[in-house]
Amino acid sequence: MILIDGKKIAAELRQELKKEVSDLKVKFNKVPGLTVILIGDLAPSQIYVKNKEKSAKEVGLKSDVIKYPDNVEEKVILDKIQELNLDKSVSGILVQLPLPKHIDKQKVIEKIDPFKDVDGFHPVNVGNLSSGYESSVPCTPLGCYLLIKKIESNLNGKKAVIIGRSNLNGKPMTQLLLKENCTVTVTHSRTKDLKAECLKADIIVAAVGIPELVKGDWIKKDTIVIDVGINKTDKGIVGDVAFDEVSKKAKAITPVPGGVGPMTIACLLKNTIDCFKRSQI
Ligand code: NAD
């Protein structure tokens, strides 16, 4: 069994990105810039944004965080996004979610220039991804995809089962694996027999939010198992996969923590650099 070390793979990716940023600096005499908008003082959001800023600076990106109080008017945010859309020193814009209730999430997402949409949530990017065109791809599924490709470079004809159909994880994951010629089954809360679906899979990606939902007898031997879930329980943080049972049968599996999580921020940096490169064409 291969324990997929997301921490190590993310560190390697960050090293590659650092080199790329320094090459871009030589070529264009400027570096890609990431601007994050943070509204309110939710503790998890503050921590994520701090980590994003730190990682961005480590690879040599220009990084800014613009903070607003919880009661900021929606128009102020939309105007700021418009200003950033026009700012040539900004390659990527990220508005940290969740937003306060009085701010319309979709309006905010759609205001971001699709070419600066490092989260890959803009409908233009969602559409391009599902049409198989070049696009920004949401960071977590992109990270999962890179981990899967580390284990198996040729995914032709593999049967993949995605658990969860969120816009953030399940749906983009589906598109990424379809593009790799997998036969993809998307399962969700109304799926009749999840265990039976999982038993057919060569690859399982679990993005649900239910602690240890996927059990050892739900997988066949030699399945690649990617666990996106982050669930706080009495015994600490666990994923959506019962790691001890499943790891006995899997070909490869991500731990939680230390699997998918570290790839998410590394992919945000990758997306920022890719947005910069597209803007220079
Ligand atoms: P979500 O709540 O938006 O979606 C969950 C999905 O699971 C839904 O599509 C739902 O239909 C499905 N589902 C619910 N119960 C089910 C069941 N019994 N059987 C099958 N499917 C079921 O969640 P999300 O935003 O996609 O996040 C999923 C998990 O991933 C959460 O634990 C979240 O914390 C974690 N997450 C991790 C990262 C990371 O970087 N590792 C990033 C984002 C989210």
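A residue is called buried when its relative accessible area is under 20%, exposed when it is over 50%, and partly exposed in between. Keep these cut-offs at hand for the exercises below, which all use this predicted model.

**Exercise 1. Classify two residues with positive phi: is Glu212 buried, partly exposed or exposed, and what of Asn29?**

Step 1. Start with the backbone. Glu212 has a phi near 50 degrees, a positive value in a residue other than glycine. Asn29, also not a glycine, has a positive phi of about 60 degrees. Most residues other than glycine have a negative phi.

Step 2. Place each residue. Glu212 sits in the loop between β7 (203-206) and β8 (224-227). For Asn29, look in the loop that runs between α1 (6-28) and β2 (33-39).

Step 3. Apply the cut-offs. The relative accessible area of Glu212 is 24%, so this residue is partly exposed. Asn29 reaches 69% relative accessibility and therefore counts as exposed.

**Exercise 2. Find where the cis peptide bonds before Pro98 and Pro257 lie.**

Step 1. Check omega. From Leu97 to Pro98 the bond is cis, with omega near 5 degrees. Between Val256 and Pro257 there is a cis bond with omega about -5 degrees. Most peptide bonds are trans.

Step 2. Locate the prolines. Pro98 belongs to the loop between β4 (92-95) and α4 (105-111). Pro257 is in the loop between β11 (252-253) and α10 (260-279).

**Exercise 3. Work out why the radius of gyration of the chain agrees with a compact globule.**

Step 1. Take the expected value. For 281 residues, a compact globule would have a radius of gyration near 19 Å.

Step 2. Compare. The chain has 19 Å, so the two agree.

Step 3. Add the outline. Along the principal axes, the C-alpha atoms fill a box of roughly 55 × 45 × 35 Å. Within the chain, 48% of the 281 residues count as buried.

**Exercise 4. Describe how the chain is divided and what it exposes.**

Step 1. Name the parts. Domain 1 covers 29-114 and domain 2 covers 139-261. Their centres, taken over C-alpha atoms, are 29 Å apart. The chain as a whole holds 10 helices and 11 strands.

Step 2. Turn to contacts. Of those between residues at least 6 apart in sequence, 69% join residues at least 24 apart.

Step 3. Finish at the surface and the charges. About 14000 Å² is exposed, with carbon and sulfur atoms supplying 53% of it. There are 44 positive and 35 negative side chains, and the centres of these two sets are 2 Å apart.

Notes
Residues numbered from 1 in each chain as written. Predicted model: local features only at pLDDT ≥ 70, side-chain atom pairs only at ≥ 80, totals over all residues. Heavy atoms only, no water. Domains from an automatic or database assignment. Helix = DSSP H or I, 4+ residues; strand = E, 2+ residues; numbered from the N terminus. Rg over C-alpha atoms; globule rule 2.2 N^0.38 Å. Buried < 20%, exposed > 50% of the residue type's maximum accessible area, 1.4 Å probe, protein only. Contact = heavy atoms within 4.5 Å. Areas by Shrake-Rupley, 256 points an atom, 1.4 Å probe, with all protein chains shown as cover. Lys, Arg positive; Asp, Glu negative; His and termini not counted. Charge placed at Lys NZ, Arg CZ, Asp CG, Glu CD.
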